[in-house]
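Colleague: I've got a model open and I'd like to learn how the labels on it are earned. Can we go through a few together?

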Amino acid sequence: IEARAVNGVSFGVKQGEIFALLGVSGAGKTSTLNMILGQEDITGGKATLTGYDVAQDFYRKPDKMHTYVGYCPQENSISENLTVK
């Protein structure tokens, strides 16, 4: 059985805004953020951050991407995809 964690999500955040992603357990909040942060593959659709295509540009310009996102998870965890590099 295939289950989609994220489907049909669309939102925009303007410069200077503080944005919170809220929802019930299993709604896809963590998966959405992990895709924006480049820690999970985007298998459909498109995510852009300050004009950069996350799927195309994240690993080529990580310094640019990280300057625009602050992420504070509820629980301490380290992604398996996170490396020292």
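Modeller: Sure, and keep in mind that this is a predicted model. Let's start with Phe-11, which has a relative accessible area of 37% and is called partly exposed.

Colleague: Why is Phe-11 called partly exposed?

Modeller: Buried means under 20% and exposed means over 50%. Phe-11 has 37%, so it lands in between and counts as partly exposed.

Colleague: What about Phe-19: where is it found, and what makes it partly exposed?

Modeller: Phe-19 is in the segment before helix H1, which spans 29-36. Its relative accessible area is 39%, which falls between the 20% and 50% cut-offs, so partly exposed is the right label.

Colleague: How many aromatic pairs does the structure hold?

Modeller: There is one aromatic pair. The rings of Phe-11 and Phe-19 form it, with centres 4.7 Å apart and planes at 15°.

Colleague: How do you know that the pair is stacked?

Modeller: Two checks do it. Ring centres must lie within 6.5 Å to pair, and planes under 30 degrees apart count as stacked. With 4.7 Å and 15°, Phe-11 and Phe-19 meet both conditions, so the pair is stacked.

Colleague: Which residues make the nonpolar surface patch?

Modeller: Val-9, Phe-11, Val-13 and Phe-19 make it, and the patch comes to about 330 Å². A patch residue needs over 30% relative accessible area. Phe-11 has 37%, so it clears that bar, and Phe-19 clears it too because it has 39%.

Colleague: Let's move to Thr-32. Why is it called buried?

Modeller: Thr-32 lies in helix H1. Its relative accessibility is 7%, and buried means under 20%, so the label fits.

Colleague: Which residues is Thr-32 in contact with, if we skip its neighbours within four places in sequence?

Modeller: Those are Val-6, Val-9, Phe-11 and Leu-21. Val-9 and Phe-11 also belong to the nonpolar patch.

Colleague: Which other residues of H1 are buried, and what do they pack against?

Modeller: Besides Thr-32, the list has Ser-31, Asn-34, Met-35 and Ile-36. The buried residues of H1 pack against helix H2, residues 54-57. Just after H1 comes Gly-38, with a positive phi near 80°.

Colleague: And Gly-44: what makes it exposed?

Modeller: Gly-44 sits in the loop between H1 and strand S1 (48-49). It has 52% relative accessibility, and exposed means over 50%, so Gly-44 qualifies. Its C-alpha is 8.9 Å from that of Asn-7, though the two are 37 residues apart in sequence.

Colleague: Glu-40 is in that loop between H1 and S1 as well. Why is it called partly exposed?

Modeller: Its relative accessible area is 33%, between 20% and 50%, so Glu-40 is partly exposed. Leaving out neighbours within four places, Glu-40 touches Ser-31, Asn-34 and Met-35, which are on the list of buried H1 residues.

Colleague: Now the whole chain. What pattern does it follow?

Modeller: Along the sequence it reads α-β-β-α-α, with three helices and two strands. Of its 85 residues, 18% count as buried.

Colleague: And which element has the highest mean pLDDT, and which the lowest?

Modeller: H1 has the highest at 86, while helix H3 (residues 62-66) has the lowest at 69. The chain averages 79, and 81% of the residues score at least 70.

Conventions
Residues are numbered from 1 along each chain as its sequence is written. This is a predicted model: local features need pLDDT of at least 70, side-chain atom pairs count only at pLDDT 80 or more; totals for chains, interfaces and linings use all residues. Side-chain values use heavy atoms; hydrogens and water are left out. Patches are made of residues with over 30% relative accessible area and no salt bridge: like charges are joined within 9 Å, nonpolar side chains (Val, Leu, Ile, Met, Phe, Trp, Tyr) within 5 Å. Accessible areas come from the Shrake-Rupley method with a 1.4 Å probe; for residues, only the protein chains shown count as cover. A salt bridge is a side-chain nitrogen of Lys or Arg within 4 Å of a carboxyl oxygen of Asp or Glu. Helices (H or I, at least four residues) and strands (E, at least two) are DSSP runs, numbered from the N terminus. Buried means under 20% relative accessible area, exposed over 50%, partly exposed in between (1.4 Å probe, protein chains only). Contact means heavy atoms within 4.5 Å. Rings of Phe, Tyr and Trp (its six-membered ring) pair if their centres lie within 6.5 Å; planes under 30 degrees apart count as stacked, over 60 as edge-to-face and the rest as tilted. pLDDT is the predictor's confidence in each residue, from 0 to 100.
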